[in-house]
Amino acid sequence: MLEINGKEFIPDDDLVIQGDEFSACDIEQPAVIRNPFPYYDLMRDKPIQFGVRGYPPGTVQGVDEPIPAWGIFRYDDVKHVYANHKIFSSQDRMQEASEAPSMMLVNHDQPEHTFLRNVARQAFSPKRVDQDVAPWLAEICDHMLEKEGPGNVDFMTNLAADLPARFIAKLLGTPADEYRKIRQFADAYMGTSTQTTEEKLATSIEFNDYFTYHVNERYKQIEAGTAEDNLMTGFIVAENDDGKKLTPEEVKKFCITMVAGGAESSVFLLGNQVVSFLEMPELYQKMRKDRSLIRPFLEENIRRTGPIQRLFRECLEDTMIGDQEIKEGEWVCVFNGSGNHDPSMFENPSEFIMDRPNVGKNLTFGHGIHHCIAALVARNEAAAMMNGILDRYKAVEPGDGEVVFQDRNFINYGPSTVPVNFMPA
């Protein structure tokens, strides 16, 4: 048994731990991935430690060799790393050395980042990512819930797994009936797939080839004047003030980035919302009567159980984080989820507090120039599903079985199984 911040905590049986000797080297374990928050509390009270060995998106355990990193757990330190992008590079040499395609914006430094973000901002116009798809999003959520009906269902398998992939396919304009490919690509890329190592490598190649084909086809459609005005088209036609545009390779990688982030993290974002429904049935009833509560409910969930847990950065020069010297060339691993549970920033961080006054300071979608450009997309998707559930069901009760959280990769926090009983209105 451990005592963390005055509270008793019993680690899972499959966790190798020796009391307070738990260290940064122990963080990437299945039991910690399932429930990292007590361990974050433990690590924030220690000096910054070296030894986190994790896998960035696209890399494959057993094939790629992880780069040991300093674990950064305190809110101020995490924010410091994000804010100082000239010192802490986003370029990921581990991913670049792997077989996986690299991600756009996420893994680029200045000055390339400014150009890419400005072009992407044009593509992510409110009309393309909000107005044009908002009616469709409400309709597809209603269709999926109508098909599912009331009664017992595993929310993750039957609903959460499909909606983000459908949404990404709609945004990019890839064939609607191929959305399960989108989900498979995202699972393999983000490390939560149950595929074998060989299957993951094959899926990575297919992922790259899939969007190489569709991007090339979209260029032909634009030239012929037959292209739809969706996000992929936006990536192609957007340009900066000098008339510079993305290359076809960059357009493809933007599409891959959308899939990797949008069709994986959003799955767990949806699942974490429904877990909160189960935890707080009285709040569910309040939201049924007052839909203005949905957004603050969503924002506090994004802080408290936001999916994106950690990212890596490479130090470009000798520097200090707090009292710890970090050498040029060394890696740091910033834990967004730990920053979101730092009591020095968020009072009673483990509690769900509606209208928390500083909830907007959470780090789930990053900070600074690398704040997630698709954060609004994820929020709209979650709000649409929540509204659909609130419209259709008078209550969401525990279903047959336990809620189980994924433990395959530390990039995202969220459930793999959420059995619920949808009670018809």
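1. Cavities first: this predicted model has three cavities of 30 Å³ or more. The largest cavity comes in at about 770 Å³, and that is the one to look at before anything else in your viewer.

2. To find the largest cavity, head for M103, V106, G261, I308 and C372, which lie nearest its centre. They belong to a lining of 44 residues. The elements that put two or more residues into this lining are α5 (112-123), α13 (248-262), α14 (265-279), β7 (310-315) and α18 (375-392). Of these, α13 has the largest share, with six residues.

3. What is the make-up of that lining by class? For the largest cavity it is 25 nonpolar, 14 polar and five charged residues.

4. Now the pockets. The second largest pocket has a volume of about 430 Å³. Its lining runs to 20 residues, and R183, D187, T192, T194 and S416 are the ones nearest the centre.

5. Which elements build the second largest pocket? At least two lining residues each come from α8 (155-160), α10 (179-190), α14, β12 (404-405) and β13 (415-417). The top contributor is α10, with three residues. Keep an eye on α14 as you move between the two sites: this helix is listed for the lining of the largest cavity and again for the second largest pocket.

6. As for the chemistry of the second largest pocket, its lining splits into seven nonpolar, six polar and seven charged residues. Set that beside the 25 nonpolar, 14 polar and five charged residues around the largest cavity when you colour the two sites by class.

Methods: Residues are numbered from 1 along each chain as its sequence is written. This is a predicted model: local features need pLDDT of at least 70, side-chain atom pairs count only at pLDDT 80 or more; totals for chains, interfaces and linings use all residues. Side-chain values use heavy atoms; hydrogens and water are left out. On a 1 Å grid over the protein atoms alone, a cavity is a set of points where a 1.4 Å probe fits but cannot get out, and a pocket is an open set with protein on both sides within 12 Å along at least five of seven lines; lining residues have an atom within 4 Å of a point. Grid points are joined across faces, edges and corners, and a volume is the space filled by probe spheres set on the points. Helices (H or I, at least four residues) and strands (E, at least two) are DSSP runs, numbered from the N terminus. Ala, Val, Leu, Ile, Met, Phe, Trp, Tyr, Cys and Pro count as nonpolar, Asp, Glu, Lys and Arg as charged, and the others, Gly among them, as polar.
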